Amino acid sequence: GGIVMLVAHRLRKNYKAFSSVLVAGAVSIFYFTIAVAFHDYQLFSQTVAFIIMVAITAFSAFLSVSYDRQELAALTLIGGFAVPFMVSTGSGNYIVLFSYITILNVGILAIAYHKKWGLINLQAYVFTVLLFASWLFTIIGTENAPYEGALAFAFTFYFVFLLMNIINNVRRKTPFSNMELSILVSNTFLFYAAGMVLLENYTPEYKGMFTLLLGVFNFCFSWLLYKKLHVDQRAIYILIGLTLTFVTLAIPIQFEGNYITLFWAAEAVLVLWLAQKSKIESFRFGSAIVHALMLISLVMDWMNLYYYGESLPIIINPAFLTSLFAIASCFGV
């Protein structure tokens, strides 16, 4: 492996692509050597083998940036994600596995700061999603499933990939590619789906709060990008759209009956007020959608409370007061 690496280094200037393949081959030899030494000959413990392979991954990532070769980084990443399986003993320790994947993704985040390599970001994203989803499906519904740990790692991956897909654009003030925007949206919805599945089996009463908090997080993040960092406005609009989506979803998930109408009526006015203050036109569109949902919900409240419900006191009843609040919302808009 060392000889192959030396040859690759000597050829790096005149034969860039070929030298990158040789470096990847040398790194593969390193990985294979440590795996055989651990599994077949027990020359050192699992912890030592793991640390050596992490060092190999870090070294190859350093070479990728030094040689400025994206294909080398892609091959390195494949080896990096294969490391846990090469040193696995079948114990199934998810904390060690996902801690390593987090460290690996933070390394890709560091590369993303210096290099705009969209393929590498996508590769890390797909590998992580597939690995985490396959593990998640195996623990759902099992006894003593680690739901809290799963949610913690899901948020960690979500946050790392959120930063990974904006950090280079923020640094260089460049526009977002369609792939980066797609990852931005899918990353949020996949985290939301994972969180809802975990909460459904763990503490379903917090699903609405989780939805609302995710909306608030996206709003704060979009405000930071818009006011402080001045990034591509397409990303801002997408984050705002995600904010409106989650805040609107949180209401029917957490509440029932006329409370949904009351919250949507207040939200419609608030969103339009934000449109006036921020000069962001997409807020107006969001306000119109929420207001339409509010009116539909109001009609459903009339049906449930007046037609299907019991006798109500005059004026001081949920249907009448909700209607007054809806009128105030229309007037406010």
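What follows is a short question-and-answer session on a predicted model.

The model is a predicted one, with local features needing pLDDT of at least 70 and side-chain atom pairs counting only at pLDDT 80 or more, while totals for chains, interfaces and linings use all residues. Residues are numbered from 1 along each chain as its sequence is written, and side-chain values use heavy atoms, with hydrogens and water left out.

User: In which helix is confidence highest, and in which is it lowest?
Analyst: pLDDT is the predictor's confidence in each residue, from 0 to 100. The protein chain averages 85, and 97% of the residues score at least 70. Helices here are DSSP runs (H or I, at least four residues), numbered from the N terminus. The top mean, 93, belongs to helix α7 (residues 147–164), and the bottom one, 79, to helix α11 (residues 233–254).

User: How far apart are the end C-alpha atoms of helix α5?
Analyst: Expected span is 1.5 Å times one less than the number of residues. Helix α5 (residues 94–114) has 21 residues, so 30 Å is what it should span. The model agrees with that, as the end C-alpha atoms of α5 are separated by 31 Å.

User: And what does α7 reach from its first C-alpha to its last?
Analyst: α7 has 18 residues, with 26 Å expected at 1.5 Å a residue. Its buried residues (under 20% relative accessible area, 1.4 Å probe, protein chains only) include Tyr147, Phe153, Phe157 and Met164. From first C-alpha to last, α7 reaches 26 Å.

User: What covers the buried residues of α5?
Analyst: The buried set in α5 includes Tyr94, Phe98, Ile101, Asn105, Leu109 and Ala112. Among the elements covering the buried residues of α5 are α3 (46–67), α4, α6 (118–139), α7 and α8 (167–172).

User: Are α3 and α5 roughly parallel or roughly antiparallel?
Analyst: Axes are lines fitted to C-alpha atoms, for helices over the stretch in contact, and angles run from 0 to 180 degrees between N-to-C directions. The axes of α3 and α5 come within 11 Å and cross at roughly 15°. Angles under 35 degrees count as roughly parallel and over 145 as roughly antiparallel, so the two helices are roughly parallel.

User: Which residues of α3 and α5 make the contact?
Analyst: α3 passes α5 in a right-handed crossing (the near helix is turned clockwise from the far one by less than a right angle; anticlockwise would be left-handed). Contact means heavy atoms within 4.5 Å. It is made by Phe50, Val54, Thr57, Ala61 and Val65 of α3, and by Tyr100, Leu104 and Ile111 of α5.

User: Which residues does alanine 61 touch, not counting those up to four places away in sequence?
Analyst: Alanine 61 sits in helix α3. With residues up to four places away in sequence left out, alanine 61 touches Thr76 and Ile111.

User: Is alanine 82 buried, partly exposed or exposed?
Analyst: Alanine 82 lies in helix α4 (residues 70–86). Exposed means over 50% relative accessible area, and partly exposed falls between that and the 20% limit for buried. Because its relative accessibility is 27%, alanine 82 is partly exposed.

User: How are α1 and α2 oriented, roughly parallel or roughly antiparallel?
Analyst: The axes of helix α1 (residues 2–10) and helix α2 (residues 16–39) come within 8 Å and cross at roughly 165°. That angle makes the two helices roughly antiparallel.

User: What is the handedness of the crossing of α13 and α14?
Analyst: The axes of helix α13 (residues 282–307) and helix α14 (residues 318–332) come within 10 Å and cross at roughly 165°. α13 is thereby roughly antiparallel to α14. The crossing of α13 and α14 is left-handed.

Notes. Parallel < 35°, antiparallel > 145°, perpendicular 65-115°, else oblique.
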